[in-house]
Amino acid sequence: MNNPVITVNNVTKSVASRRLLDDVSFTIAPQSLVSLIGPNGAGKSTLVKIILGIDAQYEGTVVIRPGERVQYIPQLVIDDQYQLPMSVYEYISIATNRLYGNSSKKIDFEKTLSHVGVAVEKLHQSYISLSGGERQRVAIARALLGDPTILVLDEPLAAVDYASRSGLYELIRHLQKDHKMTVLLVSHDIDSVLPLSDQVLCLNRTLHSNCHPSELSTQDGMYNQTIHHHC
Amino acid sequence: MELLTYTFVQYAFLGGISMAILTGILGPFVVQSRQSIASDMFAHVALAGIGGALLVGIGPWWGALPALIVVSTLIWWLLDSGTYSPDALAMFFLSGGLALALAFVHIARDTVFSFENYLFGSILTLTTTDVLAILVSTIVVVAVLWCLWYPLLGATQSPRYLIPFRRTPKLVQLLFFWLLAIVVWVGIKTIGGLLIGALLVIPVLTVRNWATSFKQLVLLSTATSVSSVSLGLMAALYVDMPPSSLIIGMSILLFILQTVVGSLMRKRQM
């Protein structure tokens with residue numbers, strides 16, 4: 001692959017003699033939507049932390065192409081009863097500060113929210129009063145203010161109701177094309193992410209497959225074996 | 001009302017309301033960052049500073065400030081290193097501060113000194129210098145919060161609401177610890193080191209269900225905190241009770257009142 005945005009080479013990670021990742025290697029092409037799928041405990045979050053630079057204790061190399069701007073949207077936890085009220089306006093405004101690595105430019109909130117399909121009336125509502133889908137859309141809007149070239153989403157539909165799921169995936173696909181971003185999508189929701197993806201990484205400590213989704217479904221038995229067995 | 005013409009009463013109101021503004025504004029940040037116990041830890045560290053000041057022969061309250069700044073920096077550094085859990089560190093400094101304070105006071109052999117004034121406050125004995133120091137502290141804390149509102153809001157949020165990874169400026173978290181140290185410093189002179197935590201936390205719990213934004217929460221908790229201090233001080237002028245206990249009593253009363261009103265309103269809506 002020419003000039004990949006992310007190159008992962010022979011990454012191995014062990015904790016207390018337990019191997020979390022075993023010799024994982026792949027590259028991600030610019031402006032592609034890549035799904036990282038796998039069961040619980042497969043090492044997906046560990047791999048994401050290594051790619052983001054949060055976890056530096058591993059063997060192998062991870063290279064992000066110089067000049068790329070990465071934004072990350074962590075998994076949404078909907079039931080946080082201790083969270084104090086914070087308006088959508090405040091949630092977004094936290095991002096617009098040089099101290100957080102973003103510019104302090106004035107935000108057009110109406111445009112920012114409508115871009116991700118959230119009504120502008122929600123701007124002064126409490127962020128935790130929004131539905132899971134709306135929260136994820138607002139989180140995406142905030143991430144986009146950092147003008148990312150790479151967007152990493154960890155289980156974006158984990159706390160989102162079924163009806164909102166397809167809309168959110170469509171939004172991610174649309175934004176990826178619109179902003180010419182590379183998107184790395186970590187998900188359990190295999191059947192929904194496959195049609196959207198340009199590349200699928202099936203991880204279960206080792207990388208079981210790295211291909212276009214159509215190759216998975218056309219190879220006889222491969223889909224069932226690889227996806228439903230390993231992932 | 002004639003009592004309000006006395007200088008010591010005016011000083012008590014000036015110092016008390018300044019402290020209420022400080023706790024009302026910083027309280028939501030403290031509760032949000034799950035650092036409620038930190039105020040108690042800082043208060044015990046301040047006692048060690050007070051003991052140290054007695055040893056070197058300077059005003060005890062003034063000795064508490066450098067101790068608070070140094071130790072809050074140390075605690076921030078230890079928390080950032082991730083080696084020790086926050087609750088273990090809290091207990092370490094809480095007990096360590098108290099033990100050091102007892103040792104210093106014993107070595108200083110000051111027979112007149114009493115910890116009680118700093119544990120439970122001495123708001124009715126504030127001097128002109130004390131009030132000036134409290135007013136300056138209030139202006140400094142409010143100005144810093146005004147200028148760095150969103151960075152502080154970001155740095156004290158739960159990690160899942162933060163701008164994730166590598167974006168949380170560590171120095172903003174240190175600044176938050178210093179602001180808390182200053183509020184505790186003002187607190188030990190007014191309401192007392194052991195009671196300042198209540199004024200940081202109870203007003204926030206009282207109004208949290210009535211706000212839809214953090215800014216609203218700060219305004220409402222400041223109003224609640226100022227009301228508690230004003231009512232408590234007014235009561236202390238007429239009832240022979242320690243002002244600190246009356247202030248916290250008022251704060252608890254307002255909490256109970258809002259709980260009852262809130263639950264009645266919810267029942268009516270159902």
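Two residues are said to be in contact if their C-beta atoms, placed from the backbone, lie within 7 Å. With that idea in hand, the packing in this predicted model can be followed step by step.

A good place to start is helix 10 of chain B, which has 25 residues. From its first C-alpha to its last, helix 10 of chain B reaches 36 Å, close to the 36 Å expected at 1.5 Å a residue. Its buried residues begin with F214(B), L217(B) and V218(B), continue through S221(B), T222(B), T224(B), S225(B), S228(B) and V229(B), and end with G232(B), L233(B) and A236(B). These buried residues pack against helix 1 (7-32), helix 7 (149-155), helix 9 (196-207) and helix 11 (243-269) of chain B, and also against helix 2 (88-93) of chain A.

How sure is the predictor of this part of the model? The mean pLDDT of chain B is 89, with 96% of its residues at 70 or more. Among the elements of chain B, helix 10 (residues 214-238) has the highest mean pLDDT, 95, while helix 5 (residues 116-120) has the lowest, 85. For the model, the scores are ipTM 0.81 and pTM 0.84.

In soluble globular proteins, nonpolar side chains tend to be buried together. Here, the largest nonpolar core has 128 residues. Those with the most contacts inside this core are L185(A) from chain A and, from chain B, L26(B), F42(B), A46(B), L68(B), L180(B) and V184(B). Take A46(B) as an example: leaving aside its neighbours within four places in sequence, A46(B) is in contact with A64(B), A67(B), L68(B), V184(B), W185(B), I188(B) and G193(B).

Chain A offers some strands to explore. Three of them form an open sheet in the order 2-1-4, with antiparallel pairing. Strand 2 (18-28) and strand 4 (59-64) of chain A are the edge strands, each pairing on one side only. On average, neighbouring strands of this sheet are turned by 20 degrees against each other, direction ignored. Five bridges link strand 1 (residues 6-15) and strand 4 of chain A in the antiparallel sense, and I6(A) stands opposite I64(A) in strand 4. Helix 1 (residues 44-52) of chain A packs on the sheet, touching strand 1, strand 2 and strand 4, and its direction makes about 125 degrees with that of strand 1 of chain A.

Further along chain A, strand 8 (residues 199-204) and strand 9 (residues 206-211) run antiparallel and are joined by five bridges. V200(A) has C211(A) in strand 9 as its bridge partner. One residue lies between the strands of this hairpin, in which R205(A) takes a positive phi near 70 degrees.

Definitions and conventions. Residues are numbered from 1 along each chain as its sequence is written. Chains are lettered from A and ligands numbered from 1 in the order in which they are written. This is a predicted model: local features need pLDDT of at least 70, side-chain atom pairs count only at pLDDT 80 or more; totals for chains, interfaces and linings use all residues. Two strands pair if DSSP finds at least two bridges between them. Helices (H or I, at least four residues) and strands (E, at least two) are DSSP runs, numbered from the N terminus. Axes are lines fitted to C-alpha atoms, for helices over the stretch in contact, and angles run from 0 to 180 degrees between N-to-C directions. pLDDT is the predictor's confidence in each residue, from 0 to 100. The expected span of a helix is 1.5 Å times one less than its number of residues. A residue is buried if 20 or more other C-beta atoms lie within 10 Å of its own, exposed if 12 or fewer, and partly exposed in between; C-beta atoms are placed from the backbone. A nonpolar core is a set of buried Ala, Val, Leu, Ile, Met, Phe, Trp, Tyr and Cys residues joined through C-beta atoms within 7 Å.
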